[in-house]
Each structure stands twice: as C-alpha cells, then as structure tokens.
Amino acid sequence: MSRWRWLAALAAAVASTLASAAGFDYQLQPRKVADGVYALIGKTENFSRDNGGNIVNTGFIIGRDGVIVIDSGPSKAYGEQQRAAIARVTDKPIVQLLLTHAHPDHVFGNQAYPGIPIASLPATAVTLTQSGDALLGNLYRLVGDAMRDTEVRLPNAVAADGAFSIAGRKLRLMAARGHTDGDLMVFDEASRTLFAGDLVFFERTPTTPNADLPHWLSTLDSLDSLDFAVLVPGHGPVLHDHAGIAQTRDYLRWLRDGLQGAARRGLDMPEVLQLPVPERFQQLAVLKTEYERSVTHLYPAYELDTLPTIPRSKPK
Amino acid sequence: MSKLPLIVVLSISLPVFAAELPADPLNSPAWSTIAGRYFKGQPVVFDARVKVTAPASAEDPLDVPVQISAEGLADVEEMLVVADLNPIQKILSYEPLHAAPSLAFRFKVEQSTPIRAAARTRDGVWHLGGVWLSAAGGGCTTPSYGSADPVWQTRLNEVRGRLWPADGHGTQRLRLRVIHPMDTGLANGIPAFYIDRIVLSDAKGLTLARLNTFEPISENPVLSFDLNGSGAVRVVGGDIQGNQFSAEIAP
C-alpha cells in the first residue's frame with residue numbers, strides 16, 4: 001500500500017468514527033408528494049438496530065409563514081435529522097408539530113422541537129403520560145444505540161377535530177380512533193393530501209397492540225368518501241388512490257372474521273397462531289410476526305365472548 | 001489405527017451423570033439443573049412426538065400462550081411443563097387419566113427461556129420436547145392487575161367455560177377461564193396466591209383429568225382440555241389459601 005493510500009484509509013476510518021460518535025445516520029430524504037408537501041418514507045420492517053427504528057413515514061407541509069411537521073419519528077436523533085432535512089428544503093421556521101397517535105415510532109423525536117407547539121388528540125397525551133416510559137424502554141431494547149439520549153416529551157397542545165389554519169395554510173384535522181384510541185389524520189386542503197397516520201398501512205402488515213377493529217373499520221369506511229389526491233400512510237409507499245384503504249380494510253376484516261371463527265370453534269391461542277394466512281396477504285411485509293402479535297392482542301376478547309359464565313355451585 | 005483407544009479413554013473419563021443424561025437439543029444453560037430437579041434417577045429421552053407450540057417471541061410477558069401435546073405417544077400418565085430460566089420453573093403437572101395428552105394454557109415469563117413439556121409413559125420413561133421463547137421479560141415480578149384492583153375479590157374463582165362436542169379424534173374440548181390473580185410472590189409486598197389444583201370429572205363421578213398449576217400460570221387462567229367421552233363435565237378446583245370453586249359445564 002502506498003503512503004497516500006494508507007493516509008486515505010486512515011482519514012476514512014477517522015471520519016467513520018466521528019460519524020458514529022455523532023449518532024445513527026437515518027439518511028432521511030424528503031420526498032415531494034404535492035406542492036409544498038413532503039414525506040419521509042421509512043422501511044417496511046420491524047424495529048431493529050440496523051434501521052434505528054425508522055420504520056415509519058413522517059412528513060411536513062410548507063405554509064406561507066412556516067412549516068407544519070407531522071410526527072417526529074422514533075428517536076431524538078431522528079427528530080434532529082428530520083429538522084435538518086426540512087432545513088435543506090426550506091428556510092422557513094417550524095411553527096407546529098402534530099402527532100398522529102401515541103405509538104413510539106411516531107413521537108420520540110419530540111425532543112428535537114423545543115419551544116414549538118406539539119399538538120395531539122387528548123387520548124394520545126394520556127397514553128404517553130401513562131405508558132411513555134415503558135414504550136420508550138422497549139424501543140431502547142429493540143433499537144439500541146440509535147435511541148441514545150431519547151426521552152419522553154409530552155404534547156403541550158390539544159388538537160381538535162375540524163379546520164385548522166396555520167402559517168397561511170388551511171388544514172383539516174380529523175379525529176378518529178381504531179388503530180389506537182386517539183388517531184389524528186391531517187388533510188391539507190390546497191394539495192388534497194391526507195396524512196392518514198397508522199389508520200392506513202400499505203404493503204406492510206397493520207399492527208394492533210391498541211386496536212379496536214370495529215372502530216378502525218368504520219373509520220376506514222368514512223375515508224371512502226374523502227376526495228384526496230395523495231395519501232401518505234403511516235407505513236408503506238405513498239398512494240394516489242384508495243388501494244391502501246382497501247388493503248388495510250381487507251386484512252382487518254379477515255383478522256376479525258378469522259379470530260371470531262376460531263373462537264367459536266373452540267381453538268386456543270397456540271392453535272390460532274398456526275392457522276394459514278390467505279395468499280393475497282403474503283406480500284405484506286412482516287406478515288408472520290404481526291399476525292402472531294395480533295392474535296395475542298385480540299384473541300382474548302373474542303374467546304371470552306364464547307365462554308359463558310357458569311353459575312356458582314357449592315363445592316361438594 | 002491409534003484412534004480407537006483414544007475414544008475409549010475419552011468415554012470412560014466422562015462423568016457418570018453426563019453419560020446418563022442425553023444432550024439437550026435446546027442447548028439450555030439450565031438443562032443439568034432441570035434434569036437433576038425433575039427427572040433425577042429416571043430415564044429421559046428427547047422425543048419429537050412431544051410438541052410445545054408457542055409464539056417465537058412473547059408479545060405479552062404476562063400472558064404467553066402455549067400448547068403441549070404428546071399425540072402418538074401411548075399410555076401417558078403424567079405431563080410436566082417447565083420453563084428453564086424462569087425464577088419459578090415448574091408451570092404445571094397434568095394427569096390426563098381419560099383425556100388426550102394435550103393441554104393449552106398461558107404463563108408469565110421473566111426472560112427468554114426454553115419451555116419444555118415432559119410426558120411420562122407407563123414404563124416410567126420421560127419423553128421431552130420443547131422450544132425456545134424469546135422475551136423482553138418481567139412477567140413474573142410484575143404485580144397482577146388484580147392486586148391493584150379490589151374488583152376481583154367479589155369475582156374470585158368465577159368460572160366461565162364451554163364444551164365443544166367430540167371432534168374427529170373422539171375427544172370433546174373443554175375451555176375454562178377462572179378469575180384469579182395468580183400472584184407469584186415475586187412482586188414486592190404481594191404474597192404468593194394461586195390456584196394449585198383443578199380436577200375434571202364426568203357425570204358418573206369418573207375422574208377424567210387432574211391438573212396442578214403453579215405460580216407462573218397467567219392471571220385469570222384460560223385452559224383448554226381435550227377429554228375422552230362426551231357429556232357434562234364437573235370442574236372442582238382450589239387455591240393455596242383454601243378457596244374452592246366448582247362448576248358444572250354442560251355440552
């Protein structure tokens with residue numbers, strides 16, 4: 001090896017050490033989905049050390065006087081890099097952060113937005129107050145070092161259903177539930193872009209740790225009549241049609257009917273875990289893992305419906 | 001050939017207990033402890049007919065669903081389930097007197113661990129099967145929901161259940177849910193308090209199956225049995241403080 005090559009290798013090693021000391025690099029690339037509207041598209045994977053928890057879509061809308069951010073991502077580092085990515089697109093100030101719901105991949109970048117109003121539905125604030133530390137601890141376990149220095153930052157403002165004008169941009173906030181007990185959707189009137197949060201998944205299996213399937217399905221039905229041009233799902237590629245709504249609905253209906261049917265046949269949970277998943281869902285990312293998780297979350301309620309209370313009798 | 005004498009020397013230099021104990025296919029660090037505690041002096045074989053079905057990863061460490069089965073193994077007199085790396089290893093023992101050698105239950109897991117089912121046949125041999133379960137943990141040292149909510153006191157030992165008629169295998173399925181905190185005694189300041197026995201019998205008083213449960217069984221236990229015959233089943237159970245429950249479950 002020549003002396004120059006050796007020096008170049010040394011420089012590269014030093015640079016990579018410095019980069020790792022600076023933390024996980026999410027390589028966030030804002031993607032323009034409409035005029036003044038951008039999405040940061042995460043991987044359709046589970047949390048891992050390799051992806052640093054970036055399995056989520058976040059976004060931002062550039063108004064006349066400032067920027068509205070939708071969800072802050074899984075970690076402090078993500079939030080900081082999200083801010084930096086926004087600054088590469090516009091020099092307008094960030095004036096508002098909106099949280100779609102309380103799940104950890106959407107809210108733990110809040111620390112990067114000190115002094116900025118962080119609004120969510122009331123149920124989201126309640127969940128983060130009660131379970132934020134537990135959710136955060138679990139993410140440290142799954143993601144590791146990319147979570148460094150991440151702490152829970154609660155929302156400091158309440159998002160209300162209805163028209164919301166900010167920074168010269170007309171938004172419509174849509175309060176719903178089903179994926180969790182507080183799901184906020186953000187609709188940008190000018191571009192007809194819907195940030196659907198995790199009410200819509202596309203090509204990635206929906207998650208259900210706090211789901212209420214009947215509410216979720218009726219929320220999806222209510223989206224049928226919404227005239228949108230662009231839909232940014234919580235997970236998966238950006239859409240220009242109703243395919244993500246239809247796919248999420250199809251999977252959730254199958255899940256509901258399958259679990260209900262299994263409970264009525266008297267199956268126990270390990271048997272339900274072995275049931276086949278239809279071919280049409282096989283292309284969904286992380287299908288097996290999410291199906292197993294969903295059985296654990298949802299089956300106890302369905303099975304209890306099939307087990308009547310037995311009147312007490314005196315022991316002999 | 002100089003290899004043969006070397007092998008002989010190696011074999012006779014191994015400790016006696018290691019020669020008697022088959023190598024653990026799950027490669028558990030606690031295998032020799034488990035074997036010494038539950039199978040000492042008894043013949044043990046690993047047998048693919050003994051199956052443990054559980055998710056690869058515990059989504060809820062307080063409520064891990066497991067099914068054990070020794071279908072294809074004749075004359076199973078007793079089944080034992082242990083989790084090697086739980087602070088309390090023994091989960092249950094089951095005598096399927098007039099029942100299929102299968103059972104589904106849920107348990108609390110403290111950390112990633114093998115789950116083993118052992119089926120003892122009439123000849124005294126323990127047949128073992130098992131799987132590894134990955135878990136974040138904390139299930140055994142977490143207080144029960146019931147310990148923080150006095151509502152359970154009025155519903156203690158309330159039974160829900162149902163019988164599903166005999167399937168193609170000729171067994172009817174009994175599913176039970178009993179309200180009970182199932183406290184392990186490992187959560188600070190909350191003493192152990194758990195159901196320790198459930199006996200199932202038919203209308204004529206014939207005992208169909210006997211189950212002994214231990215601390216790791218989940219709060220408000222949900223159990224599935226596959227019983228021989230058909231018709232109503234009488235359930236009688238009790239906990240370690242002498243509270244008893246009974247229920248008649250008709251098809």
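Residues 16-21 of chain A have pLDDT under 50 throughout, and in this predicted model the segment has 1 contact beyond four places in sequence. Where pLDDT is low, the predicted coordinates should not be read in detail. For chain A as a whole the mean pLDDT is 93, with 92% of the residues of this chain at 70 or more.

The account now turns to a sheet in chain A. Five strands, in the order S8-S9-S10-S11-S12, make up an open sheet with mixed pairing. At its edges stand strand S8, residues 162-166, and strand S12, residues 230-235, each of which pairs on one side only. From one strand to the next, the twist averages 30°.

From the edge at S8(A), the strands can be followed inward. S8(A) runs antiparallel to strand S9, residues 169-176 of chain A, and 5 bridges join the two. One point of reference is Ala163(A), whose bridge partner in S9(A) is Arg172(A). S8(A) and S9(A) form a hairpin with 2 residues between them; in its turn, Ala167(A) has a positive phi of about 55°.

On the next step across the sheet, S9(A) pairs with strand S10, residues 183-188 of chain A, in the antiparallel sense and over 6 bridges. Arg172(A) appears here again: its bridge partner in S10(A) is Phe187(A). Arg172(A) can thus be traced to Ala163(A) in one direction and to Phe187(A) in the other. S9(A) and S10(A) also form a hairpin, with 6 residues between the strands. In this hairpin Gly178(A) takes a positive phi near 140°.

Towards the other edge of the sheet, a helix comes into view. Helix H6, residues 243-264 of chain A, lies across S12(A) and strand S11, residues 193-201 of chain A. The helix runs at about 15° to S11(A).

Beyond the sheet, there is the contact between the two chains. Chain A contributes 20 residues to this contact and chain B contributes 26. On the side of chain B that touches chain A, the elements giving two or more residues are four strands of chain B: S3 (64-69), S9 (159-164), S10 (171-178) and S15 (244-249). The residues on this side of chain B comprise 11 nonpolar, 6 polar and 9 charged. Strands S9 and S10 in this list belong to chain B and should be kept apart from S9(A) and S10(A), which pair within the sheet described above.

How values were computed
Residues are numbered from 1 along each chain as its sequence is written. Chains are lettered from A and ligands numbered from 1 in the order in which they are written. This is a predicted model: local features need pLDDT of at least 70, side-chain atom pairs count only at pLDDT 80 or more; totals for chains, interfaces and linings use all residues. Two strands pair if DSSP finds at least two bridges between them. Axes are lines fitted to C-alpha atoms, for helices over the stretch in contact, and angles run from 0 to 180 degrees between N-to-C directions. Two residues are in contact if their C-beta atoms, placed from the backbone, lie within 7 Å. Ala, Val, Leu, Ile, Met, Phe, Trp, Tyr, Cys and Pro count as nonpolar, Asp, Glu, Lys and Arg as charged, and the others, Gly among them, as polar. pLDDT is the predictor's confidence in each residue, from 0 to 100.
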